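The following exercises concern the packing of helices, the nonpolar cores and some local backbone features. Please work through each task before reading its solution.

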Amino acid sequence: MGIQEIATVTGLSKSTVSRALRGMENVAETTIDEVRRVADELGYVPSSAAAGLATGRQRAVGVVVPVIDRWFYVKALGGVDAELRRAGYDLVLYNLGGPGGDRDRAFRRSMLRHRVDALVLLSLVLDATERAELELTRHPMIVIGGPAPGLRNIGVDDRAVTRIAVDHLCGLGHRRVAYVGGQDEAGMNVAVPHLRRDGFVDAMRAAGHAVPDRWLLDGRFSFAGGLAAGNALFGGGAGAGAGADAGAGPDRPTAVLCASDEMALGVLLAAGQAGLSVPGDVSVIGIDGHEYGATVGLTTVAQDPEAQGRAAARAVLAEVDGGAAGTIVAAPAHLVVRGTTGPPPG
């Protein structure tokens, strides 16, 4: 079964069918959908090898992830894969395996040995050696989730998302707001935690509210880290020793802004264990839009990593097809108000 049969059924030219199967931008979406529907009905399977011989391309895109067990990475990967499949490309996954992984193997050998047409990097900052190795491939590249010097990036404005959260809390009347952030040692883009914390501090100062150092806690961008930070804030659990003063009486914050929803879920559990009601005694807000947050009614500033993955894939495929490297704008983020934020007590 070949392109000619699809062209016969659809009444389109072979060249239009070929462009539609590749998802090229100069073909109408309705035409692409129709061609792919007919191709599926006829059992057509494109040959990547044949396409590579004809075009000099491999019809594959490499995607590099720090780890594969994080919500953001899984969602972004799904978006990249969906767009690549739509265009008839394969996805080649390079998992760096976190802090204990072998980045040298991935960057110096695996990526240069496997033939791909472009690279998508998830939340990575490259050192000089890694950047030099990848530049040898001359592939189009883009980063999802946090800026990387010298590379295009698609992601939210990390300072802006914390400002949205601060504006929401201050609008409710909160003045004493704690922040849970910190570094993610499993490999998140190192700029993201700093940008979100700086955005929080600057937004609070702009609103005329000071933030004591003891209310800036490290939650390691994980549920367990959020729980420990919440225990320190509220004077409960195993983490109470270092933060008992912060959790005492009127000195307790009336709201907590967490730099990720995973940490916010941990803070919610800590509040419950300390006997505090949410939002009656303390409000909690997260960032990202994790589906577990919706389950528990968490207020959050949501982003769409799947859409970011799709946009990144489209951007590098456009370059592979000979287009210019387009300008990437910040991905959208929006406030989702649920049941964990309300006016401060009293």
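## Exercise 1: Two helix crossings

Helix α10 (residues 223-234) and helix α12 (residues 261-273) have axes that come within 7 Å and cross at roughly 40°. The model is a predicted one, in which local features need pLDDT of at least 70, side-chain atom pairs count only at pLDDT 80 or more, and totals for chains, interfaces and linings use all residues. Residues are numbered from 1 along each chain as its sequence is written, and side-chain values use heavy atoms, with hydrogens and water left out.

**Task.** Classify the crossing of α10 and α12, and then treat α1 and α3 in the same manner.

**Solution.**

1. Helices (H or I, at least four residues) and strands (E, at least two) are DSSP runs, numbered from the N terminus. Axes are lines fitted to C-alpha atoms, for helices over the stretch in contact, and angles run from 0 to 180 degrees between N-to-C directions.
2. Angles under 35 degrees count as roughly parallel, over 145 as roughly antiparallel, 65 to 115 as roughly perpendicular and the rest as oblique. Therefore α10 and α12 are oblique to each other.
3. On the side of α10, the contact (heavy atoms within 4.5 Å) involves residues including Phe223, Leu227 and Phe234; on the side of α12, Met263, Leu265 and Leu269 are among them.
4. By class, this contact of α10 with α12 has nine nonpolar, five polar and one charged residues. Here Ala, Val, Leu, Ile, Met, Phe, Trp, Tyr, Cys and Pro count as nonpolar, Asp, Glu, Lys and Arg as charged, and the others, Gly among them, as polar.
5. For helix α1 (residues 3-10) and helix α3 (residues 29-42), the axes come within 10 Å and cross at roughly 120°. That makes α1 oblique to α3.
6. Glu5, Ile6, Val9 and Thr10 of α1 meet Glu34, Val35, Val38, Ala39 and Leu42 of α3. This contact of α1 with α3 divides into six nonpolar, one polar and two charged residues.

## Exercise 2: The nonpolar cores

**Task.** Which element gives the largest share of the largest nonpolar core?

**Solution.**

1. A nonpolar core is a set of buried Ala, Val, Leu, Ile, Met, Phe, Trp, Tyr and Cys residues joined through side-chain atoms within 4.5 Å. Buried means under 20% relative accessible area, exposed over 50%, partly exposed in between (1.4 Å probe, protein chains only).
2. The largest core holds 44 residues, and Val180, Phe200, Leu233, Phe234, Val256, Leu257 and Cys258 touch the most other members.
3. Elements giving two or more residues to this core include α8 (158-171), β6 (177-181) and α9 (191-206).
4. The largest share, seven residues, comes from α12.
5. A second, separate core has 26 residues, including Val80, Ala118, Leu122 and Val316.

## Exercise 3: Local features

**Task.** Where do Ser260 and Gly286 lie, and which residues other than glycine have a positive phi?

**Solution.**

1. Ser260 is in the loop between β8 and α12 and is buried at 1% relative accessible area.
2. Gly286 belongs to strand β9 and is buried at 0%. Not counting residues up to four places away in sequence, Gly286 touches Ser260 and Leu298, among others.
3. Arg220, in the loop between β7 and α10, has a phi near 55° and is partly exposed at 39%.
4. Asp288, in strand β9, has a positive phi of about 130° and is buried at 8%.
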